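I opened this notebook to record what I looked up about contacts between parts of the structure. The entries follow the order of my queries.

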Amino acid sequence: MAQRLKTRRQRYGHLWFVAPGLAFFLAVMIFPLVFAFGISTTNWSGLGNDLQFIGLANYAEILSYGPYYRAAFHNALIFLAIFLFQHTVGLYIAVLLNEKPRFMEFYRTVLFLPVILSLVATGFVWTLMLSPNIGLINPALQNMGLGFLASQWLSHPTSALGAVIVVTAWNSLGWAIIIYLAGLQGIPDELKQAAAMDGANTRQIFWRVTFPQLSPSFTALSVLTFIGTFRTFDVVYVLTGPLGAPNFGTDVLGTLIYRTAFGASSFSSAEIRFAFGVAMALFTMLIMAIACWGLLKVLRAREIET
Amino acid sequence: MANVSLKGLSKTYSGADVPSLSALELDIADGEFLVLVGPSGCGKSTALKVIGGLEEPSEGSIWIGKTDVTDYESRDRDIAMVFQSYALYPHMTVFDNIAFPLQISKVDRAEIDKRVREVADTLHLGTFLNQKPGNLSGGQRQRVAMGRAIIRQPSVFLMDEPLSNLDAKLRVRMRSEIAQIQRRLKVTTIYVTHDQVEAMTMGDRVAIMKGGLLQQVASPDDIYARPANTFVASFIGSPPMNLFRGHIDGNIVRFGSQSLPITKESLTAYPGIKDRNGEVILGLRPEDIEDARVSDDAPEASIEAEIVLLESLGADHMVHLALDAEQVHDGDRPAGDTDDLDVVRTDGVCICRFSSRSPARVGERVTARVSTDRLHFFDPETGLALR
Amino acid sequence: MKKLNRSRLLLTSAAMAFAATTVQADTVLTMWHQHPEWQGAVQDILDAFEAENPGITIELEEIAGTNYSARLNTALAAGEAPDLFGLPAGPETLAAAEAGYIADLTGAVDTSNLRQAALDAIDSNGQIWGVPILGAYSVGLYYHRDLMDELGLEPPSNQAEFMAMCDSLNEQGMTTLVVPASDGIVPSFMYMMLTASVMGADGFEALRNGERSFTDPDMVEAAEFLQYIGQNCLQPGALSTPYVEGKALAAMQRGVMMPGGSADYVGYREINPNVDLGVVPFPAVGDNAPATVTGLEYIFTVNSGSENAEAAVTFLNWMLGETAQQMVVDNITMTTHSGVIPGENRILEEFTVAAQSNDVRVFYELPETGNVWSVVQQNIAALFLGEMSPEEFAQAAQDAVILTE
């Protein structure tokens, strides 16, 4: 008996060392998740103690809830646009920087700067710049003789979503550059020299030798972009408000969930449905987890083993 | 197949005060195996990169066959290169790595397949074709790199220290494999190394460089027997040639309290010492000095000194004799480098290779026989051989 | 003399003992309010209160309107709401009462000085859950007097005049009306005023009884007029103009007129001290009488979980008194106190005059139309963009009406 106890202690004793971390993880991750799931199975509005258990009815409702699809579609558009932008412009700038131009440190800092700025602050600055009344962009276009391009950027659903994309792209370009630059700097010069010796021209060297080596960067960036764009909230909130103005043209999952759970009107909380908001948040989390898993599986498969 | 001519080739990197390569003149015959050797920073790798088109020369021109390729891109020079790191494409299989140059030049698929398999057979890589380089051993990777170079049947091979990442045993084996392949393919080869053993064993000719300057180009035997200057003399040979400041007095050369006769052979090999009375640098190879007790014959010439250190290597003993002569250092030991064990006794240590039959012991005084037909003489001002 | 001295001594010591206990048990009341632009004026009133009530300190936190309800609701659910907080009168306050978040103030607060309309607004079947301590507001149409003079224009009172003015100003490249429409709040007030001009106060009651509808043909005209204004008469990018920017544009004469409330004047003056404004009711649909809407500023409720409920009630009663209300009317907005006469405040007088035309209570204070507000707010952009017809817009508003019978 004592022998058995001892062995058990020897075998599992080390687990005590992870206990504090585990307790913390349980307290701030698992418990809130379980609690949130509990809430999502009720019809709690967020006010008072009046609630009933309604099972998975909230989740069933999501499936036929138009605004959810509309918001998710906007997220998907933002993701696609940012994805393309980062893997083209971001990669291209990273390649240019990797040639170690003069003032490289300067360029790198300037290009990375937006990343460390608060999205709320950048969003606010962009709102000011895009304003047709006090903004900089329309007068600038006019002065360049491109006055016909001037627009009420945030007042049309399409261009407003475009503006959200531009601001997000501007803000996240630094990540793409840094991640790709790190990838590029990990590729030995000799590989490119070898390819040049083997008869490859610059383009062939890039596509057949350099680019395949960047697949870990590609994977990391794609997954980060996916998560980041489907979590978009602050840019939209600052640029077009919690209603995803105009006429929900920029409504994303983040603002929809926020509005449903907390409300967006200072005069009425009639449409607040906290439990439904929580259900949408958890449902989104689940879908994103599955999508990320799939994305990683597909992308990892084409990565190189070393 | 082609010969390679380097005409006044110079390279100064931007920001550098000193050229990495100055006015290199070198003709490499068709099918020749030339080894470029020298200490690190001597310009040998720069020379290789310039020849390969990976660096642009500051001056001079490169000819391959009858074509001036100085302004050609690497890919247009018909050159293959083996890198020190092998530079294999980690995302491609061994097959694709070897096939890459052919795929780039859009060779027919069946032809590629045939040639890759031929090359793989030659290099014993047949079973690894579907593996990625990450799964291969160092020696296998080295062979893949070779395979990629030879599959194109280029006019020139460039090899940049291809064996330096291998362990000693494998290095010996690959050394002969590469030499054999080169001899079979008869492709003009320029091989860069810092290892004098590779240089001596592999090259048809050896070019020794130092500080961007070519010191001597000759066959390995010539280099060894007739070094052009004190640098070459002390760079080739292990342990290096002992160099002492000496004085020629008629037909005797004195160094410290020792003296040796100048023989007919010396006069033939170094005509510059004829009628030269005065300062010289005397060179003695360790293997030309032997314990006098090993042979019964009375030595015709000898030195006598105390043994300060004895390293037994089994087949022979490395014996350090304390001499009162002033020692001269050249070669890969820059002035001021005190990273040597014998730094305290630096002046006047003569290393000798005694046969294992020698009963020499540390601390005793020995008489060492010197093969006076193999003395070397250099100008004390210029360091050049007195020919 | 001796006797007097003795009693004075007793009194003094008693007072000192009282003071000592109250100093020891100094009560701190926390208070949330949603008008950061009033912070200074409100703080002055609080200072006056603290001077008169040495035992009680008020800690005021002003939270911008856009974040206020989300923060308050979260704090309420978490049990961390302040002792005193503002809520819109009507359904919102009632919902909080039903949820058990706020204390019943019936009988505890002295409402005898409230004007009847204000009392009606906070009285729910004889119960009082919150009181208007920071006044009431009317919403009408501000116009730049100097600018109108320069242009030789009179403020429009009906649809035809407004549209003519809009056309002529458009030709001159000027903006008729500055409206921050990105959050839909100001256009919703416009819709209330337009429908109010059609139905009047009686019609509003009929609408709440189900006898009238937003989809009645004359009421649809209100939505049509609103759409016309939204598409033709606003500053560029109105749909993306945030509230604060709109207010600044209006004050800086980037448009000739702007819809606004009686409490907005303070803000206009702050942005542009030289602003020269006049107020009229909002132009009517067709030939109806132009209308204003009136509502209470957020009324203040006491947290049912507050440990300082007594002090909070003391505070509310003091705020309902003459001293506080005089400060409200002089510095902030219209008072709900029947006995307080506004000092020299031309704008408030003009609002009073304007409200005599056709004044209707704001929709959100009444249970039947509480939801209409948020539906209108959310559909405004669609109406302006032409993605929703006036008929559809009116239908959506009508669908949000809750008929109790």
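The entries below concern a predicted model, and they take up a domain pair and then a chain pair.

Entry 1, domain layout. I looked up how chain C is divided and found domain 1 (2-134 + 297-335) and domain 2 (137-295 + 348-399). I then took the C-alpha centres of domain 1 of chain C and domain 2 of chain C, which are 33 Å apart.

Entry 2, contact between the domains. I counted 13 residues of domain 1 of chain C in contact with 15 residues of domain 2 of chain C. The two domains of chain C bury about 1,200 Å² between them, and carbon and sulfur atoms give 60% of that area. On the side of domain 1 of chain C, I noted that C:P91, C:E297 and C:M334 lose the most area to domain 2 of chain C, together 42% of what that side buries.

Entry 3, polar terms between the domains. I found zero salt bridges between domain 1 and domain 2 of chain C, and one residue pair in polar contact. The residues of domain 1 of chain C that touch domain 2 of chain C are eight nonpolar, three polar and two charged.

Entry 4, chain A with chain C. I recorded 31 residues from chain A and 38 residues from chain C in this contact. The area buried between chain A and chain C is about 3,000 Å², with 53% of it on carbon and sulfur atoms.

Entry 5, polar terms between the chains. I found zero salt bridges across the interface of chain A and chain C, and five residue pairs in polar contact. The side of chain A that touches chain C comprises 17 nonpolar, 13 polar and one charged residues.

Notes. Residues numbered from 1 in each chain as written. Chains lettered and ligands numbered in written order. Predicted model: local features only at pLDDT ≥ 70, side-chain atom pairs only at ≥ 80, totals over all residues. Heavy atoms only, no water. Domains from an automatic or database assignment. Contact = heavy atoms within 4.5 Å. Buried area = accessible area lost by both parts, 1.4 Å probe. Salt bridge = Lys/Arg side-chain N within 4 Å of Asp/Glu carboxyl O. Polar contact = N/O pair within 3.5 Å; in protein donor to acceptor, adjacent residues only side chain to side chain. Nonpolar A, V, L, I, M, F, W, Y, C, P; charged D, E, K, R; others polar.
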